[in-house]
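Here are my notes on this one, jotted down as I went through it. Have a look at the structure first, then see whether you read the points the way I do.

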Protein chains: 2
Amino acid sequence: MILIGIAKGGHMTPQVQDSFKALADPTRREILKLLSQDDMTIAEVSTHFDMTRAAVKKHLTILETGDLIRVEARGRERINHLNPDGFAPVFDWLSHFDQFWDDRLSALKDAIEKDLQ
Amino acid sequence: MILIGIAKGGHMTPQVQDSFKALADPTRREILKLLSQDDMTIAEVSTHFDMTRAAVKKHLTILETGDLIRVEARGRERINHLNPDGFAPVFDWLSHFDQFWDDRLSALKDAIEKDLQ
DNA sequence: TAAATATGAAACCTTATGGTATTATGTCAA
DNA sequence: TTGACATAATACCATAAGGTTTCATATTTA
């Protein structure tokens, strides 16, 4: 996996903790899936959940803190869109265990090949 | 990224929520890093943190629920070891956004190439 | 077998979290 | 410019989460 850090102006460097915290809630993970399909206003995101707009807004704020989404003001609306780059710290942290996992996959592959002989 | 699910006896199928929840705490992420180096008893893990063994034990239980570690009884000790396969649900969920991220990288690559012309 | 060791488990405390309701503010449109 | 609309902000509530203390249980080992 290739990781490239790109400095962008106007945003705090997200702590890994903020990213993992943002991902820890099922509603927020669902919001990320939604935003991967379409940019949405807060009201639009809210229609997909059985909770108040205020609650959805809180989730969006936490996602923004984790830098997983970016929010753009457009008139009286706030357009929320996914920030794919924001996942980098998460992938980065997990890569340590990805390697571990790849080793296990290799072992599995070897075992299968041996089994086929 | 290739993902393979392997059924194993004697363990609950971990919900993605349990995995992400387990990863959401910095102490637990630190424990995972420790266990990627060495298998450890609860007491051994505890020496690395400024909290009681009981607290560490709770974290280990949450990690076990998320299937990120496995615990093996040996006499009066409990050997905690990393379960690399347990990360699969996390990688699986994130792969959706990995793709998104790769697309962005491609776009960046294209932009750079175009710029060099 | 008795003492020390390693863990399990329960009760309890404080703070964080996810949710609501209410009120305020800025923007659009007739 | 007034009413409707989209969001912001605050206070508040119930439960979950992270931690401690205390006590019980199972193994070693002297």
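1. A polar contact here is a pair of N or O atoms within 3.5 Å; within protein, one must be able to donate a hydrogen and the other to accept it, and residues adjacent in sequence count only if both atoms are side-chain atoms. With that in hand, start at R28(A): an N or O atom in its side chain sits 3.2 Å from a phosphate oxygen of DNA strand C.

2. Some ground rules. This is a predicted model, with local features needing pLDDT of at least 70 and side-chain atom pairs counted only at pLDDT 80 or more, while totals for chains, interfaces and linings use all residues. Residues are numbered from 1 along each chain as its sequence is written, chains are lettered from A and ligands numbered from 1 in the order in which they are written, and side-chain values use heavy atoms, with hydrogens and water left out.

3. More on strand C. K58(A) has a polar side-chain atom 2.3 Å from a base oxygen of DNA strand C, and in the side chain of R78(B) an N or O atom lies 3.3 Å from a phosphate oxygen of that strand. Two or more residues of the surface near DNA strand C come from each of α4 of chain A and α3 (42-46), α4 and β2 (77-82) of chain B. Helices (H or I, at least four residues) and strands (E, at least two) are DSSP runs numbered from the N terminus. The largest share, 5 residues, is from α4(A).

4. Which residues come nearest to DNA strand C? T52(A), K58(A), H59(A), R53(B) and K57(B), out of 20 residues around the strand; "near" means that a heavy atom of the residue lies within 4 Å. Of the strand C atoms within 4 Å of the protein, 72% belong to sugar or phosphate and the rest to bases.

5. Now strand D. Around it are 20 residues, of which R53(A), K57(A), K58(B), H59(B) and G75(B) come nearest. Sugar and phosphate make up 73% of the DNA strand D atoms within 4 Å of the protein. The side chain of H59(B) puts an N or O atom 2.2 Å from a phosphate oxygen of DNA strand D, and for R28(B) the corresponding phosphate distance is 3.3 Å. K58(B) goes to a base instead: one of its polar side-chain atoms is 2.4 Å from a base oxygen of DNA strand D.

6. Which element gives the most to the surface near DNA strand D? That is α4(B), with 5 residues. By class, this surface has 6 nonpolar, 4 polar and 10 charged residues. Ala, Val, Leu, Ile, Met, Phe, Trp, Tyr, Cys and Pro count as nonpolar, Asp, Glu, Lys and Arg as charged, and the others, Gly among them, as polar.

7. Salt bridges (a side-chain nitrogen of Lys or Arg within 4 Å of a carboxyl oxygen of Asp or Glu) come to 2 over all chains. R70(A) pairs with D67(A), closest N and O atoms 2.9 Å apart, and R70(B) meets D67(B), also at 2.9 Å. Buried means under 20% relative accessible area, exposed over 50%, partly exposed in between (1.4 Å probe, protein chains only). R70(A) counts as buried because its relative accessibility is 14%, and D67(A) because its value is 9%. R70(B) and D67(B) are both buried.

8. Finally, chain A itself. It has 5 helices and 2 strands, in the order α-α-α-α-β-β-α. Of its 117 residues, 38% count as buried.
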